[in-house]
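Here is a short walk through a protein model. Have the sequence and the 3D view open as you read.

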Amino acid sequence: MKSQILTFDEIDRLAVKVAENMKKGGCIGLIGDLGAGKTTFTKKICKYYGIEENIKSPTFTYVIGYTSGSVNVYHFDAYRIINPEEIYEIGFEDYVGEDGSVIIVEWANNISDEMPEDTVYIEIEHNDENTRKVSIYKLKNGEKEYADIFHNNNN
């Protein structure tokens with residue numbers, strides 16, 4: 001999905017659609033400035049999976065795991081990572097390699113070379129106080145390949 005202006009309700013529906021598409025596992029890379037809505041997006045995904053814990057950004061712990069009856073969600077925050085290879089010091093590859101788990105990485109642009117090849121990237125940018133500019137894509141050979149998750153269940 002090339003950049004579209006979405007209301008917060010539309011972004012909530014988008015988070016549900018992403019969660020539906022990730023039921024069997026996968027990786028989501030969230031990109032956006034402070035306060036853009038990355039953690040809120042993560043909360044909506046976790047709510048879809050029935051996770052009732054308080055979802056917060058793992059800025060100082062780097063990763064928080066959540067479990068529901070249907071899926072394990074590992075929520076990473078790469079905001080404080082200076083060298084992308086630091087992500088391996090916390091066992092990133094072990095989480096990514098877990099079958100059926102959903103990996104959500106805030107500030108994924110800080111570790112883009114370390115992200116799994118099939119990562120779905122969601123960029124959220126401030127537009128105004130009631131809307132955000134949102135893009136969804138995968139990276140293929142370094143190029144953005146935009147996806148329309150609202151109309152295609154195969155992304």
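What follows looks at one strand and its partners, then turns to some aromatic rings.

Keep in mind that this is a predicted model. A good place to begin is strand E2, which covers residues 26–31. Is this strand mostly covered or mostly open? It's mostly covered, with six of its six residues buried. You can check that one side at a time. Gly 26, Ile 28 and Leu 30 sit on one side, while Cys 27, Gly 29 and Ile 31 sit on the other, and all of them are buried. In other words, both faces of E2 are covered.

Now for the strands that E2 pairs with. One of them is E5, made of residues 102–106, and the two are joined in the parallel sense by five bridges. To find the spot in the viewer, look for Gly 29, which stands opposite Val 105 in E5. Strand E6, residues 120–128, also runs parallel to E2, with four bridges between them. Here the landmark is Ile 31, which has Glu 123 of E6 opposite.

Let's move on to the rings. How many aromatic pairs does the model hold? The count comes to eight. Take Phe 76 and Tyr 95 as an example: their ring centres are 5.3 Å apart and their planes meet at 85 degrees, and since an angle over 60 degrees counts as edge-to-face, that's what this pair is. Phe 76 belongs to strand E4 (residues 72–77) and Tyr 95 to helix H3 (residues 92–96), so the pair ties together parts that are 19 residues apart in sequence. The two partners also have their own levels of cover. Phe 76 counts as buried because its relative accessibility is 0%, whereas Tyr 95, at 22%, counts as partly exposed.

Another pair, Tyr 121 with Tyr 137, is stacked, with 5.5 Å from centre to centre and 15 degrees between the planes. Tyr 121 takes us back to strand E6, and Tyr 137 lies in strand E7 (residues 131–140); the pair links distant parts of the chain, 16 residues apart. Is Tyr 121 buried or exposed? With a relative accessibility of 4%, Tyr 121 counts as buried. Tyr 137 has a relative accessibility of 4% and counts as buried too.

To finish, go back to Phe 76 and Tyr 95, which are part of a wider group. Ring pairs link them with Tyr 74, Tyr 88 and Phe 92 into a cluster.

Terms used. Residues numbered from 1 in each chain as written. Predicted model: local features only at pLDDT ≥ 70, side-chain atom pairs only at ≥ 80, totals over all residues. Heavy atoms only, no water. Buried < 20%, exposed > 50% of the residue type's maximum accessible area, 1.4 Å probe, protein only. Pairing = 2+ DSSP bridges. Phe/Tyr/Trp six-rings, centres within 6.5 Å; stacked < 30°, edge-to-face > 60°.
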